[in-house]
Amino acid sequence: MDALEAIMTTRAIRRFTAEPVSDDDVWTCLRAAQQAPSGGNVQPTRYLVVTDPDVRTAVGRLYRSAFTRYTEIAPERTDAAGLRINASANHLADTLASVPVIVFFLMPRLPSLVEGVDIGPVHASVYPAVQNFCLAARALGLGTTLTTVIRVHHAETLDLLGVPDRWEIAAMVPLGHPAEKFSIAKRREVSKLTSFNRWS
C-alpha cells in the first residue's frame, strides 16, 4: 500500500469482527512500531500484547467502567458527528473483550525536567511508535484505534497485567479485522490551522 494512502485512510476503527489476527501480523505491527523515532534514540516504549480471553475480559470490564466514568464528566456532544463518535466509542466499550488483540504501549515514569531544564514529556517518544503500529495495521487491512481512557483505572490495570508501578500506560490499542470501512476521515481544513513564519 502507498504510504500516503495508508496515512490518509488510517482512521479510528472501533467495530471488529471475531476473525483472529495472526501472530505474524501482530509481530509485523510491533516491528513497525519499534522503528519509530524517539528522543535521543532512547526507545522508551514497551509493548504488552493481550490475547488471552480471560485477560481480555478483565481488561474489558475495566475499560467499560473507565469509559462510563469518562462519559459522566465529559461535555455532552449532540451534533451529528458527536453522536456517531459516541455510539462508536460505546460499542467499543461494550465489546472490547471480544477484540482478538489488545496492545498496551507502556512508558517509564520519567521527569520532563532534567537539572531544571524542560526536555519535554516522554510521551513524545512513545506516540510515534503507536502511530507506526496503526499504520502497519492499516497496510495489513487491520483496524486500530488509539485509546487512553483506561487510565481512569490506571493502577488497577497495571496490577491486572503485572506491570511494575514505575511504568505507565501511554495508550491502549485494540487490533482486529474491521467490521467497518476504511475511509478518509472528516477533519478541519488544514489551511485554516496553519501559519508561516509567525503566528497569525
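In which helix is Ile-7 found? In this predicted model, Ile-7 belongs to helix H1, which covers residues 3-9. Ile-7 is also one of the four residues, together with Leu-4, Met-8 and Ile-184, that make a nonpolar surface patch of about 420 Å². With a relative accessible area of 44%, Ile-7 is partly exposed. That value fits its place in the patch, because patches are made of residues with over 30% relative accessible area and no salt bridge.

From here the description can turn to the open spaces of the model. The largest pocket holds about 820 Å³ of space. Its lining counts 22 residues, and those closest to the centre of the pocket are Arg-11, Ala-12, Ala-185, Lys-186 and Arg-187. Three elements give two or more residues to this lining: H1, helix H4 (80-95) and helix H5 (127-139). Of these, H4 provides the largest share, with four residues. Sorted by class, the lining of the largest pocket contains 10 nonpolar, six polar and six charged residues.

The second largest pocket offers about 470 Å³ of space. Among the 20 residues that line it, Phe-67, Tyr-70, Ile-85, Asn-86 and Ala-89 lie closest to the centre. Helix H3 (53-73) and H4 are the elements that give two or more residues to the lining of this second pocket. Here again H4 makes the largest contribution, this time with six residues. The classes in this lining are 10 nonpolar, seven polar and three charged residues.

Enclosed space is also present, and the count comes to one cavity of 30 Å³ or more. The largest cavity has a volume of about 50 Å³. Residues that line this cavity include Ala-33, Gln-34, Pro-37, Tyr-47, Ser-125 and Ala-129. Its lining has six nonpolar and five polar residues, and no charged ones.

Charged side chains come into view with the salt bridges, of which the structure holds five. One of them joins Glu-180 to Arg-11, with the closest N and O atoms 3.5 Å apart. This pair connects distant parts of the chain, as Glu-180 sits in the segment after strand E6 (167-176) and Arg-11 in the loop between H1 and helix H2 (23-34), 169 residues apart. Arg-11, which was met above among the residues closest to the centre of the largest pocket, counts as partly exposed at 21% relative accessibility.

Another bridge stays within a single helix. Arg-69 and Glu-72 meet through their side chains at 3.5 Å, N to O. The two are separated by about one helical turn because they are three residues apart in helix H3. Arg-69 is partly exposed at 41% relative accessibility, whereas Glu-72 is exposed, with a relative accessible area of 57%.

A further salt bridge pairs Arg-151 with Glu-168, and here the closest N and O atoms are 2.9 Å apart. These partners are 17 residues apart and again link distant parts of the chain: Arg-151 lies in the loop between strand E5 (143-144) and helix H6 (154-161), and Glu-168 lies in strand E6. Arg-151 is partly exposed, with a relative accessible area of 35%, while Glu-168 counts as buried at 12%.

A last stop is Pro-111, placed in the loop between strand E2 (101-108) and strand E3 (113-114). At 51% relative accessibility, Pro-111 counts as exposed, since exposed means over 50%. Its C-alpha atom is separated by 31 Å from that of Arg-64, which is 47 residues away along the chain.

Notes
Residues are numbered from 1 along each chain as its sequence is written. This is a predicted model: local features need pLDDT of at least 70, side-chain atom pairs count only at pLDDT 80 or more; totals for chains, interfaces and linings use all residues. Side-chain values use heavy atoms; hydrogens and water are left out. On a 1 Å grid over the protein atoms alone, a cavity is a set of points where a 1.4 Å probe fits but cannot get out, and a pocket is an open set with protein on both sides within 12 Å along at least five of seven lines; lining residues have an atom within 4 Å of a point. Grid points are joined across faces, edges and corners, and a volume is the space filled by probe spheres set on the points. Ala, Val, Leu, Ile, Met, Phe, Trp, Tyr, Cys and Pro count as nonpolar, Asp, Glu, Lys and Arg as charged, and the others, Gly among them, as polar. Patches are made of residues with over 30% relative accessible area and no salt bridge: like charges are joined within 9 Å, nonpolar side chains (Val, Leu, Ile, Met, Phe, Trp, Tyr) within 5 Å. Accessible areas come from the Shrake-Rupley method with a 1.4 Å probe; for residues, only the protein chains shown count as cover. Buried means under 20% relative accessible area, exposed over 50%, partly exposed in between (1.4 Å probe, protein chains only).
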